[in-house]
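Trainee: I keep hearing words like "buried", "exposed" and "core" thrown around. Can we go through a model and pin down what earns each word?

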Amino acid sequence: MFSLILLAVMAVIILALCLNILSLLRGPAVADRLLALDTMYINSIALLLVYGIYASSQLYFEAALLIAMLGFVSTVAVCKFLLRGDIIE
Amino acid sequence: MRNSLFATPLRSVLLFLVWCALHNSVSPVVLLSGVILALLIPWGSRGFREVQPQIKRYGLFGRYLLMVLWDIVVANLQVVKVVLGRNSALKPGFVLLPLDLKEPMPLTILAATICLTPGTVSAELLPREADAPQFLLLHVLDLQDEAALVSELKQRYEAPLQEIFACSV
Amino acid sequence: MTVLEWLISGLLCAGALFVLLGSVALLKLPDFYTRLHGPTKATTLGLGSLVLASMAFFNLQQQTLSLQQLLIALFLFISAPVTAHMLIKVAMHHKLKHHQSTQGVEKLPAD
């Protein structure tokens with residue numbers, strides 16, 4: 001029963017990831033795509049957290065921590081690039 | 001005082017806790033290395049930091065954090081209603097929040113708080129000159145009463161931050 | 001199923017629903033500025049409850065010490081406002097269109 005609930009929760013999060021892919025493809029601006037990518041990072045952390053419970057292993061949390069840091073740094077880096085590298089004023 | 005090993009107690013304690021959480025254990029080796037690192041890292045990096053106003057009232061700061069957590073939960077439920085409603089009923093808007101705070105550190109905490117509590121995102125500090133009276137530009141998802149929102153944000157978040165950092169008004 | 005397992009399941013379901021809601025908001029809302037509210041908010045609460053569930057599972061049910069989830073939550077709560085702030089700066093810099101009923105557009109900086 002408990003593992004069934006875990007599977008259902010994972011299915012919901014994967015559905016959320018699929019919706020993110022849709023909004024990533026739709027855009028229309030670069031900022032929208034960037035926001036969709038950032039949300040995908042966070043949702044994949046959520047998926048890893050639930051999978052860690054499902055597998056009863058704490059190994060996945062370190063991976064989730066790494067994804068959190070990489071996602072943050074890369075989003076901020078792309079934002080910085082869009083703010084300063086793309087100046088047509 | 002500034003050069004002593006325990007000059008920034010909050011930073012040292014936080015580093016120690018993060019170290020223990022990263023290792024997932026409280027064995028003597030972890031505790032000892034944690035204490036050494038928590039003292040050495042702030043001491044070694046003291047040259048990198050600018051002088052910021054210190055937190056004067058830790059109890060009030062803890063209460064502030066709990067209040068923000070509670071506000072996140074409550075306001076999330078309000079955002080749910082707005083998001084699930086029709087798009088044509090949306091009333092988004094930009095709001096200028098006049099600021100009494102001046103120092104960068106409390107300002108950063110205020111902007112982060114406003115970002116974290118749903119329905120509002122802090123966008124920019126205006127104008128950019130330092131000596132003119134400053135405003136924080138916010139984007140609000142569901143703007144009903146601008147004056148009420150501004151006074152609530154000032155009362156609920158800015159006033160406690162002024163007390164915590166003991167800034168002169 | 002024990003009471004604890006029901007509690008964990010409830011937290012997990014709430015977390016998953018909020019995560020889904022953030023993605024739905026991202027897809028549904030009309031312009032970038034409103035879209036920004038969806039994920040940055042819903043995910044904080046969604047991931048918060050998932051982290052709580054995971055903490056309860058490992059510390060109470062499995063009786064093992066597990067604190068790394070707390071670090072994940074702490075890091076996300078610190079980084080989420082920064083990301084949102086940078087994204088809305090990018091949107092204002094690129095002068096993205098706003099929804100027609102947006103109020104107070106004249107307050108935006110001119111440059």
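Mentor: Sure, and keep in mind that this is a predicted model. Start with Val50(A): beyond its neighbours within four places in sequence, Val50(A) touches Leu6(A), Val9(A), Met10(A) and Ile13(A), plus Leu12(C) and Leu50(C).

Trainee: What makes those residues contacts of Val50(A)?

Mentor: The test is a C-beta to C-beta distance within 7 Å. The six partners I named, from Leu6(A) to Leu50(C), are in contact with Val50(A), so their C-beta atoms lie within 7 Å of that of Val50(A).

Trainee: Which residues have the most contacts inside the largest nonpolar core?

Mentor: Val50(A) is one of them, along with Ala46(A), Leu138(B) and Leu87(C), in a core of 88 residues. The biggest contribution to this core comes from α2(A), with 13 residues.

Trainee: And what makes it a nonpolar core?

Mentor: Its members have to be buried, belong to the nonpolar set and be joined through C-beta atoms within 7 Å. Val50(A) is in this core, so Val50(A) must count as buried, with 20 or more other C-beta atoms within 10 Å.

Trainee: How many residues does each side bring to the contact between chains A and C?

Mentor: Chain A brings 42 residues and chain C brings 45. On the chain A side, the elements that give two or more residues are α1 (2-26), α2 (30-54) and α3 (59-84). Of these, α2(A) gives the most, with 15 residues.

Trainee: What is the make-up of that chain A side by class?

Mentor: It has 31 nonpolar, eight polar and three charged residues. Watch the labels, though: Gly counts as polar here.

Trainee: Now an outside case. Why is Ala147(B) called exposed?

Mentor: Count its neighbours: Ala147(B) has 8 C-beta neighbours inside 10 Å. The cut-off for exposed is 12 or fewer, so Ala147(B) qualifies. You'll find Ala147(B) in helix α5 (residues 146-165) of chain B.

Trainee: Is Ser56(A) buried or exposed, and how do you know?

Mentor: Ser56(A) has 11 other C-beta atoms within 10 Å, and 11 falls under the limit of 12 or fewer, so Ser56(A) is exposed. Ser56(A) sits in the loop between α2 and α3 of chain A. Ser56(A) also has a positive phi of about 50°, although it isn't a glycine.

Trainee: How does chain C compare with a compact globule?

Mentor: A compact globule of 111 residues would have a radius of gyration near 13 Å, whereas chain C has 18 Å. The C-alpha trace of chain C spans about 60 × 25 × 15 Å along its principal axes. Even so, 53% of the residues in chain C are buried.

Trainee: What is chain C built from?

Mentor: Four helices and zero strands, running α-α-α-α from the N terminus.

Trainee: Last one. What confidence does the predictor give chains A and C?

Mentor: Chain A averages a pLDDT of 86, with 96% of its residues scoring at least 70. Chain C has a mean of 83, with 95% reaching 70 or more. Within chain C, helix α3 (residues 37-61) is lowest at a mean of 83, and helix α1 (residues 3-28) is highest at 88. For the complex, the predictor gives an ipTM of 0.84 and a pTM of 0.85.

Notes: Residues numbered from 1 in each chain as written. Chains lettered and ligands numbered in written order. Predicted model: local features only at pLDDT ≥ 70, side-chain atom pairs only at ≥ 80, totals over all residues. pLDDT = per-residue confidence, 0-100. Contact = placed C-beta atoms within 7 Å. Rg over C-alpha atoms; globule rule 2.2 N^0.38 Å.
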